[in-house]
Amino acid sequence: MTWANNTGVTEFILLGFSGHLQLLLFVVFLAVYITTALGNILIIFLTSTDPALQIPMYFLLRNLSLVDICLALVILPKMLVNLLSEHKGISFLGCVMQMFFFLFLGGSECFLLAAMAYDRYVAICNPLRYTVIMKKGMCVQLTLFSWCSGVVVGTVQTTWVFSFPFCGPNKVDHFFCDSPPVLKLACADTYLFEIYAVTGTILIVLFPFMLIVVSYVCILRTILKIPSAQGRHKAFSTCTSHIVVVILFYGTAGLTYFQPKSSYSPELKKLLSLSYTVFTPMLNPIVYSLRNKEVRGATMPFHKWVNTL
């Protein structure tokens, strides 16, 4: 790596959230971190051990939970330390690694959500061939493609950002090393890169999103052809958890990265970034636990155990 030779900056300062509520924010985000970790670990454990959950949908959900745990690990520990510390620095290499893993995990989540939409498409639109199409090999290929796509996204964009020299200032107006606020500190003209980055981000986000939209258009057409209202409700209920998660993730991420520059506000962007980096990973296991009968059934032994304490 030649980054160290191209920059006079050895660390960045994460400004995070201003104000006098640092201790309160620490308590809130610590609770979110613990909830995220426990909720997603529970989903991974249940989908790995419960015989009723040994189907492709929950194999993909297990990978989604793993992504969410890793995303929380990338963002929250440093945020919690900075909320209690006067010095809110992160080393140059630490910033590089945080940005890479954030982009890697965010890209992987986009493609995993598309894979989960494809699973629902096959289950509803081609149910007689579901077990043939969505066999273990196909599930492994979909997840490997999702993870590998994330690696490519993280590697390319992080390398591009840190190919620019950084000679000061070093204050990042964010709570983690995201590419737009870090790129603002580069000592070079980044206009062309910003165009490439926005174009690449749109393609990366738009491609899996369009796969999701096409899948659900086909699903909706199939559901509307089901003669009984009960059958339509049953078919649609298998998709609601995934739809909620897609809206949470894509809705907030889209508002963050694709809002017009005229309406750009660093504080607003921080709040929106919290939605998909901090709160969505916490809400995903809750959404699936509340909406899926199989997951609720698998958690019943835990409820009984808690009630006996």
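This passage describes a small sheet, a helix that crosses part of the sheet, and a nonpolar surface patch in a predicted model.

The sheet is open and has three strands in the order β2-β1-β3, with mixed pairing. Its edge strands, β2 (89-91) and β3 (171-172), each pair on one side only. In general, the strands of a sheet pair through backbone hydrogen bonds, either parallel or antiparallel. Strand β1 (residues 11-14) pairs with β2 in the antiparallel sense, over three bridges. Within this pairing, Glu-11 has Ser-91 of β2 as its bridge partner.

Helix α3 (residues 92-125) lies across β1 and β2, and the helix runs at about 85 degrees to β2. Ala-117 is a residue of helix α3. Its relative accessible area is 0%, under the 20% limit, and Ala-117 is therefore classed as buried. Leaving aside residues up to four places away in sequence, Ala-117 touches Ile-212, Ser-215, Tyr-216, Ile-219 and His-242. Ala-117 and Met-57 are separated by 60 residues in sequence, while the distance between their C-alpha atoms is 9.4 Å.

A nonpolar patch on the surface is formed by Val-198, Ile-202, Leu-206, Phe-209, Met-210, Val-213, Val-214 and Val-217. Together these residues have about 600 Å² of accessible area. Leu-206, one of the patch residues, is found in helix α7 (residues 191-224). Leu-206 has a relative accessible area of 39%, which lies between the limits of 20% and 50%, so Leu-206 counts as partly exposed.

Key. Residues are numbered from 1 along each chain as its sequence is written. This is a predicted model: local features need pLDDT of at least 70, side-chain atom pairs count only at pLDDT 80 or more; totals for chains, interfaces and linings use all residues. Side-chain values use heavy atoms; hydrogens and water are left out. Patches are made of residues with over 30% relative accessible area and no salt bridge: like charges are joined within 9 Å, nonpolar side chains (Val, Leu, Ile, Met, Phe, Trp, Tyr) within 5 Å. Accessible areas come from the Shrake-Rupley method with a 1.4 Å probe; for residues, only the protein chains shown count as cover. A salt bridge is a side-chain nitrogen of Lys or Arg within 4 Å of a carboxyl oxygen of Asp or Glu. Helices (H or I, at least four residues) and strands (E, at least two) are DSSP runs, numbered from the N terminus. Buried means under 20% relative accessible area, exposed over 50%, partly exposed in between (1.4 Å probe, protein chains only). Two strands pair if DSSP finds at least two bridges between them. Contact means heavy atoms within 4.5 Å. Axes are lines fitted to C-alpha atoms, for helices over the stretch in contact, and angles run from 0 to 180 degrees between N-to-C directions.
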